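Here's a quick look through one protein model, going from its sheets to its cores and then to the parts to be careful with. Have the viewer open as you read.

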Amino acid sequence: MNPLPMAPAAPATGMAPVAPTLPMIPTRESLPELTPEQIAALSEEVRALAAQRNATILAHNYQVPEVQDVADYVGDSLGLSRCAAAGEVEVIAFCGVHFMAETASILCPEKTVLIPDLDAGCSLAASIDAEQLAVWRAEYPDGVVVMYVNTTAEVKALTDYCCTSANAVDVVRHIYETHGEDTEILFGPDMWLGAFVEKELGRRMHVWDGECHVHAGIRPSDIEATRAAHPGADFLIHPECGCSTSVMEYVAAGDISGEGVHMLSTGGMLRYAEQLERVAGGISSGVERMAAGDVDGTAGGSHERPGNGRSEIGRREAVVATETGMLYPLEMAAPHVNFIPANPRAECVYMKMITLPKLRDALRDMQYEVRVPPDIAERARIPIDRMVALG
């Protein structure tokens, strides 16, 4: 891989690039609630169709519980990308939003990728398009473009590195280490994740001003109110949240205690919950490992890990600042912990468009295929491969 060109340090930017006017967020469909019997029957039908089609079912952590339960793999964007690239199946039924299915198609052009609802979009992905990115790149021709994976295939095709919330800090750090400390970085489209990366690395970047409408709606006031109601709880905060930079500033200023406050990707939240369950469930080895700051078998810590562990011992509550669908996998991983949404209205309508009947129909009729044109896919795969390689 040829090194990307280096650029001299740029002065601090003024006004951030302006994101386009987003389409109106649709209201959630008023669908009849499925009974347990209907869920069981549909789940059996879906599994039978998946076997018949030689298909794997991938589901994001924000999907409804019954879709998560029927999936072969449930995870975050990075985990889903890795899973899509593996396996010998012929069909991928992607229960997520459209850009995720596009990523699977880019990584697996020989496979048929289906999404149960073609209208399952993403407000964050809609906050930047390829034309806008091309104009932005032209302003900084020697810059390195890092785009959150929550973008369209056309945007990825103009990107140098993709990242997820789990590895954004590592990706940007890698660029500075390999391309030079003076490298200009154009980071987008999520401004809150960009601000988080800047604070973690102590460096300024050029940051697009897009946002996820769900995470942006979780405000500092939500954290303050929930913290007051649950003073002993851990706080697990996704870096996309509108409250994330404020909370970091409060902690740095000493206005609130940093004890038990953790900035985590959805995958990081799940790993944290698994370790918290060891403590809540009274497993001594879990207590000892968390007290040592070791959550995955190797000593040490990072922004994806708990702190020194003393405050975690005996806790039974954790406030979660992300899309509410994440509560279900957390509860499955840690049944002894009470997970509380920072904002119970933080629900992604697009994610909730995917239902068991729609998944059944997609597999039965082999409908709603997502396929990226070869020329775009070839260019878009480069930043995705870099993201996956960096972990």
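In which sense do strand β3 and β4 pair, and over how many bridges? This is a predicted model, and in it β3 (residues 91-95) runs parallel to β4, with three bridges between the two. If you want a spot to click on, Val-91 sits opposite Thr-112 in β4.

That pair belongs to an open sheet of four strands, ordered β2-β1-β3-β4 and paired in parallel. At the edges you'll find β2 (73-75) and β4 (112-114), each pairing on one side only. From one strand to the next, the twist averages 20 degrees. Helix α3 (residues 77-85) lies across β1 (55-60), β2 and β3, and its direction is at about 170 degrees to β1.

Further along there's another open sheet: four strands, order β10-β9-β11-β12, parallel pairing. Here the edge strands are β10 (261-263) and β12 (338-341), both pairing on one side only. The twist averages 25 degrees from strand to strand. Strand β9 (residues 234-237) pairs with β10 in the parallel sense, over three bridges, and Leu-236 stands opposite His-262 in β10. Helix α10 (residues 220-229) lies across β9, β10, β11 (317-321) and β12, at about 160 degrees to β9.

Here are the two helix-on-sheet arrangements as a table:

| Helix | Strands it lies across | Angle |
|---|---|---|
| α3 (residues 77-85) | β1, β2 and β3 | about 170 degrees to β1 |
| α10 (residues 220-229) | β9, β10, β11 and β12 | about 160 degrees to β9 |

On to the cores. The largest nonpolar core has 104 residues, and Ile-57, Phe-187, Phe-339, Leu-359 and Leu-363 have the most contacts inside it. Take Leu-359: leaving out residues up to four places away in sequence, it touches Val-46, Ile-57, Val-70, Ala-93, Cys-95 and Pro-116. A second, separate core has eight residues, among them Ile-128, Leu-133, Met-147 and Val-155.

So how confident is the predictor? The protein chain averages a pLDDT of 82, with 79% of the residues scoring at least 70. Residues 1-24 are below 50, and that stretch has 50 contacts in the model beyond near neighbours in sequence. Residues 284-314 also stay under 50, with 63 contacts beyond four places in sequence. Where pLDDT is low, the predicted coordinates shouldn't be read in detail.

Definitions and conventions: Residues numbered from 1 in each chain as written. Predicted model: local features only at pLDDT ≥ 70, side-chain atom pairs only at ≥ 80, totals over all residues. Heavy atoms only, no water. pLDDT = per-residue confidence, 0-100. Contact = heavy atoms within 4.5 Å. Pairing = 2+ DSSP bridges. Axes fitted to C-alpha atoms, helices over the stretch in contact; angles between N-to-C directions. Core = buried A, V, L, I, M, F, W, Y, C linked by side-chain atoms within 4.5 Å. Buried < 20%, exposed > 50% of the residue type's maximum accessible area, 1.4 Å probe, protein only.
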